[in-house]
Amino acid sequence: MTAALTGSAAPAAVGAIVVTSKTWLWYLTRSTGLVALVLLTATMALGLLSGVRWEGPSWPRFVTGGLHRSMSALACAVVVVHIVTTLAAGFVPIYIQDAVLPFGSAYRPLWLGLGAASFDLMLVLIVTSLMRTRISYRAWRALHWTAYLCWPAAVVHGLGTGTDTPVRWVLLLTLACVAVIAGLLGWRLAYAWPR
Amino acid sequence: MAPVNRTDQLPRLLPGTAATLNLDEHLTRYGPLPLRPAGDLIAEVRAAGLTGRGGAAFPAGTKLAAVAAAAAAAARPRASHRRRTAAAAFIVANGVESEPGSGKDAVLLARSPHLVLDGIAVAARATGASRAWLCLPADKPRLAGQLREAIAARARAGASSVPVLVEAIPGGYLASQESALVSWLSGGSQQPSFVPPRPADQGVRGRPTLVQNAETLAHLALIARYGAAWFRTVGVPPEAGSALVTVTGAVPHPGVLETPLGTPLGTVLAQAGLHPAGGRRGTSQHGPARRPQAVLAGGYLGGWLAWPDAADVPVSAAGLRRAGAALGPGTLAVLPAAACGLAQTARILAWLAGQRAGQCGPCTHGLPALAEAFAQIAFARPHPDTLGWASQLTQLLPGRGACYLPDGGAGLAVSALRVFAKDLRWHAGHGPCPPAIRAAREAP
Amino acid sequence: MSDWLRVNPIACEAHGVCAELLPELITLDPWGYPIVAPGPVPPALASHARRAVAACPTLALLLHHEDGATS
């Protein structure tokens, strides 16, 4: 698999991966997965920043909220591409229902299931936020806390079933995302409970 | 005891003796309660111009009509998405009386319980309510027992129409606030909620609820019997009728009195034995004076009036408001000359700050800040900055909370700075006066 | 048709986004809570007011329309 990533000219003898006309889809799956990780982390980070009411000299607070919303839409779009390309590539035995019904797939049910669960939660977060004025604030807020399940599930999904996890820079990228969120989470908790 | 009807004499609400009127005595004094159609009742109350006696002075007829309309709307099949049960509306008789220094509701309920219970029955008929709660302070179990007795007596005599449950309400100052009380009865906390929706539209368990002070309900019972014209034979228009006031403090005969609305303050306090002219001579409150110096009208959320200057101020919602105070729950607390008005105000503000619900930012931060500033003014040597800050706070607080606590606290502070301006100058020059020092040592 | 701005003081958590988006009508007190200028929203600021209402993280800013509707 590493060989396939680095683009070496070795023939298809790495695991069961055969270089076919659908390889570009497989590359897209992996790359959108990483991009989605970064975008989801950014979304989560902006949400936490909103909670601590951070503002910078050229960064008013409304920017944090607006960017959080747009970033979440972008992240979701990238995740959809990630899912579609995985299904279209057909490199692994995953079917469309496995994208939304977690832990039922034949292929790595746990790691993949976490991805599906994360995607489900993403849909819930986005749909309820679009309906924010129509549901009670308390209900919206309670549901929005599932973000604290959605993001870790996505990260673990990436670590568990990510083709490129063994690659150093991918690992470092993942760790950096976790560190950013961990740091902001600490800040957020300190803001809420200053004792 | 002479019957009350067809007369413009007082007392109307209180029996004139210290004993409790039982049901027979009550009926002898007031006559039977007529069964009038809801529309008639509401029209009569509107014509009477009865306003709430709990503190907000909201027109009772308007509230009654609002609950009746909301109940009618809820009862229509297409309008209600809830399953239609018998409960279309509720009545909450508010006898919690959490204002320190107010005793009128307790006295009324103790002496004329059937008048309040009649009022509940009238209100239930007017709104189509199926159930009522009579709310009393939790620290008055004996009164609760008496009311339960009265309710049972009515049931035995076949005179009860709507089931009334006596409810003991715990808690502090905000416990008697309309939306806080509704929240508690719905099984929630005792915190005020944001209106709209008002309890008249969505109250206890989401049903239209009439929350009315016990005294207001007593007036309602009389209007149902004798009509709006009778009600308006006392009082100074546009505020008609009589009201119960609680007079406390530096008066020879403190207690609960009934007075026509619009009566000059001096006349009301004279009933408690206080006379503006005559009496003992005195100079300023920091000299060897004997005369009372000020009256706190409207409770802790009301305002100070200088005495005897304010003897002509009419005791009515509008009259007292114009003078910088309030009618509120009808408390008139007379400040003796030997006390310091600034110190008293500081203590009241500190107490009010401790009673806040902590839900609304401006009050959560601003009321303790105002109390702190006033403590500096009263018990230390006020700096011009402190006075400026206190003034700024009195403008930052009104209208920015879910209940009247920040508004009232600010109003009290403003009236104190005006009425005790001379003391303020003295404090600025010399620090706290001897009465203030004494007050600082007393337990809160 | 005039609109009126109102803050639900219980819901408000002093994020201050409203004051950023509608500084003509909303200022912040010393603790970061909004002070809304009295009176109806001028028609020129109506779209900004709607944006501020939508941007409030706790939906504490409300717009009452004259016909009784609220956003």
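These are worked exercises on a predicted model with chains A, B and C.

**Exercise 1. Work out which chains touch which.**

Start with the pairs. Two pairs of chains are in contact, and chains A and C share the most contacts of the two. Next, check the pair that is left out: chain A and chain B have no contact, and their closest C-alpha atoms lie 14 Å apart. With contact set at C-beta atoms within 7 Å, look at the A–C pair. Here 11 residues of chain C meet nine residues of chain A. On the chain C side, helix H1 (residues 17-21) gives the most, with three residues. By class, that side of chain C splits into six nonpolar, four polar and one charged.

Then do the B–C pair. Chain B puts in 10 residues and chain C puts in eight. Helix H12 (residues 361-379) of chain B supplies the largest share of the chain B side, three residues. The chain B side holds five nonpolar, four polar and one charged residues.

**Exercise 2. Describe the fold order and the overall size of chain C.**

First, count the elements: chain C has two helices and four strands. Second, put them in order from the N terminus, which gives β-α-β-β-α-β. Third, ask how compact the chain is. Its radius of gyration is 11 Å, close to the 11 Å that the globule rule gives for 71 residues, so chain C is as compact as a globular protein of that length. Last, for the outer dimensions, the C-alpha atoms of chain C fill a box of roughly 35 × 20 × 20 Å along the principal axes.

**Exercise 3. Two helices of chain A pack together. Are H2(A) and H7(A) roughly parallel or roughly antiparallel?**

Begin with the axes. Helix H2 (residues 23-51) and helix H7 (residues 168-192) of chain A have axes that come within 9 Å and cross at roughly 15 degrees. Now apply the cut-off: angles under 35 degrees count as roughly parallel. So H2(A) is roughly parallel to H7(A). As for handedness, H2(A) passes H7(A) in a left-handed crossing.

Next, find the residues in the contact. From H2(A) they include A:Leu34, A:Leu37, A:Val38 and A:Met44. From H7(A), the list includes A:Val170, A:Leu173, A:Ile181 and A:Arg188. Sorted by class, the contact has 15 nonpolar, three polar and one charged residues.

**Exercise 4. Do the same for H2 and H3 of chain B.**

The axes of helix H2 (residues 38-48) and helix H3 (residues 60-75) of chain B come within 7 Å and cross at roughly 155 degrees. Angles over 145 degrees count as roughly antiparallel. H2(B) is therefore roughly antiparallel to H3(B). The handedness step gives a left-handed crossing for H2(B) and H3(B).

Now the residues. H2(B) brings B:Ala38, B:Ile42, B:Val45 and B:Arg46, and H3(B) answers with B:Ala60, B:Gly61, B:Leu64, B:Ala65 and B:Ala68. By class, you get seven nonpolar, one polar and one charged in this contact.

**Exercise 5. Split chain B into domains, then look at how domains 1 and 2 meet.**

Take the bounds first. The domain assignment of chain B gives domain 1 as 23-78 + 86-233, domain 2 as 245-277 + 287-338 and domain 3 as 340-444. Then get the spacing: the C-alpha centres of domain 1 of chain B and domain 2 of chain B are 28 Å apart. For the contact itself, domain 1 of chain B contributes 12 residues and domain 2 of chain B contributes 13 residues. The domain 1 side of that contact has three nonpolar, six polar and three charged residues.

**Exercise 6. Find the backbone features to check by eye.**

Go through chain B for cis peptide bonds. One joins B:Val195 and B:Pro196, with omega about 10 degrees. B:Pro196 sits in the loop between helix H7 (178-185) and strand E4 (209-213) of chain B. Another joins B:Pro237 and B:Pro238, with omega about 5 degrees. Look for B:Pro238 in the loop between strand E5 (235-236) and strand E6 (239-240) of chain B.

Finish in chain A with phi. A:Arg53 has phi near 55 degrees, a positive value in a residue other than glycine. You'll find A:Arg53 in the loop between H2 and helix H3 (61-89) of chain A.

Key
Residues numbered from 1 in each chain as written. Chains lettered and ligands numbered in written order. Predicted model: local features only at pLDDT ≥ 70, side-chain atom pairs only at ≥ 80, totals over all residues. Domains from an automatic or database assignment. Nonpolar A, V, L, I, M, F, W, Y, C, P; charged D, E, K, R; others polar. Axes fitted to C-alpha atoms, helices over the stretch in contact; angles between N-to-C directions. Parallel < 35°, antiparallel > 145°, perpendicular 65-115°, else oblique. Left-handed = near helix turned anticlockwise from the far one by under 90°. Rg over C-alpha atoms; globule rule 2.2 N^0.38 Å.
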